[in-house]
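Thank you all for coming. I would like to walk through one model this morning, beginning with its internal spaces and then turning to a helix and a pair of strands.

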Amino acid sequence: LLACRDSQLFIKDLRFDGVPVRIYLPRQKSASKWRGVIFFHGGCGIFGSIRGYERICRYIASKSDSVVVSVGYHLAPEHKYPAQTLECLAATVHFLKAAETYGVDPARVIVCGDSVGGTYAASVCQELKHRTDIPKIRAQVLIYPFLQALNFNLPSHQKNAAVAFLSRGLTVHYILKYLNKDCSLKEQVLTGSHVPESMNLKYKKWINPDLIPEVFKLGYKPPLPAPFLPQVHEKVQELFEPRVSPLLAEDAVVCGLPDTCIVTCEHDVLRDDGLLYKKRLEDNNVRVTWHHVEKGFHG
């Protein structure tokens, strides 16, 4: 569908390095260069579109006097993982290199995304950390992001297991669908049978209910350990890659990430992913702004 007309914005459909994007440029002239926002939409990597997020991208562009680039990455499972992350990365690199063409200050470009879009934003920042041939991302904005597939038994998973729109079971079902895996593995992944003890011990310092503030653990009951199933682990190896689980990136990567804003919602299975990444970033001396929506829910 074509972009709608807007009295405040020029809206164009383009391709950045072959990736479909919709760019929102303020009509009003500016004495200085614009800020830039690269936006990755949510939808578990299998739903969503540029068109579906047009209202929010217009709003961001108008309210923040920014040039917004909405990235229309191709969806899984037809376009196999990691095509989505790679397309987000390619579009970001293209825009950083061409920012001045659109009147944008390349030193004032942020990446932003909701849900899996937050995953892509976090992943892009991690992958660009060592790049010296392009401008640095100024900041990342992660709106109730999905950040780890190691533990689906954190307090927020338990508390919001049956919340409408994104239940605990649907979360894992969509992840398996996104990775083109057998969705019948859902129950084993939910219980944690896909994770060997050695991996649980390695990542306990980063993914652990003990790291969640007490105020978010009221009524939480730690589940009994599930038996490890090597055959399940073997089939879902991608779950442990930082492109799927940015929380599993090493400290050498995390310490160099840009300023971060994290939005969490109380009634959201993914709430604790945001809380854990917040702590992880702060422990690595990354400046974090956190906004918690007490009555908010995913989507």
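Let me begin with a definition: on a 1 Å grid over the protein atoms alone, a cavity is a set of points where a 1.4 Å probe fits but cannot get out, whereas a pocket is an open set with protein on both sides within 12 Å along at least five of seven lines, and lining residues have an atom within 4 Å of a point. Grid points are joined across faces, edges and corners, and a volume is the space filled by probe spheres set on the points.

This is a predicted model, in which local features need pLDDT of at least 70 and side-chain atom pairs count only at pLDDT 80 or more, while totals for chains, interfaces and linings use all residues. Residues are numbered from 1 along each chain as its sequence is written, and side-chain values use heavy atoms, with hydrogens and water left out.

The structure holds one cavity of 30 Å³ or more, with a volume of about 170 Å³. Its lining has 15 residues, and those closest to its centre are Cys-44, Val-116, Phe-146, Thr-171 and Ile-175. The largest share of that lining, four residues, comes from α5, which spans residues 168-178; helices here are DSSP runs of H or I with at least four residues, strands are runs of E with at least two, and both are numbered from the N terminus.

Turning to the pockets, the largest has about 660 Å³ of space, and of its 24 lining residues the closest to the centre are Asn-151, Asn-200, Pro-209, Pro-223 and Pro-225. Helix α7, residues 197-203, gives the most to this lining, with three residues. The second largest pocket has about 300 Å³, and among the residues closest to its centre are Tyr-53, Asp-114 and Phe-165.

How many of the 16 residues of α2 are buried? With buried meaning under 20% relative accessible area by a 1.4 Å probe on protein chains only, the count is 12, so described as mostly covered. Among these buried residues are Glu-87, Cys-88, Leu-89 and Phe-95.

Finally, strands β7 (residues 259-267) and β8 (residues 288-297) run parallel and are joined by seven bridges, where pairing requires at least two bridges found by DSSP. Within this pair, Thr-264 stands opposite His-292 in β8. Between the two strands the chain passes through helix α10 (residues 271-283), in a right-handed β-α-β crossover, meaning that, with the strands pointing away from the viewer, the path from the first strand over the helix to the second runs clockwise.

Methods: Buried means under 20% relative accessible area, exposed over 50%, partly exposed in between (1.4 Å probe, protein chains only).
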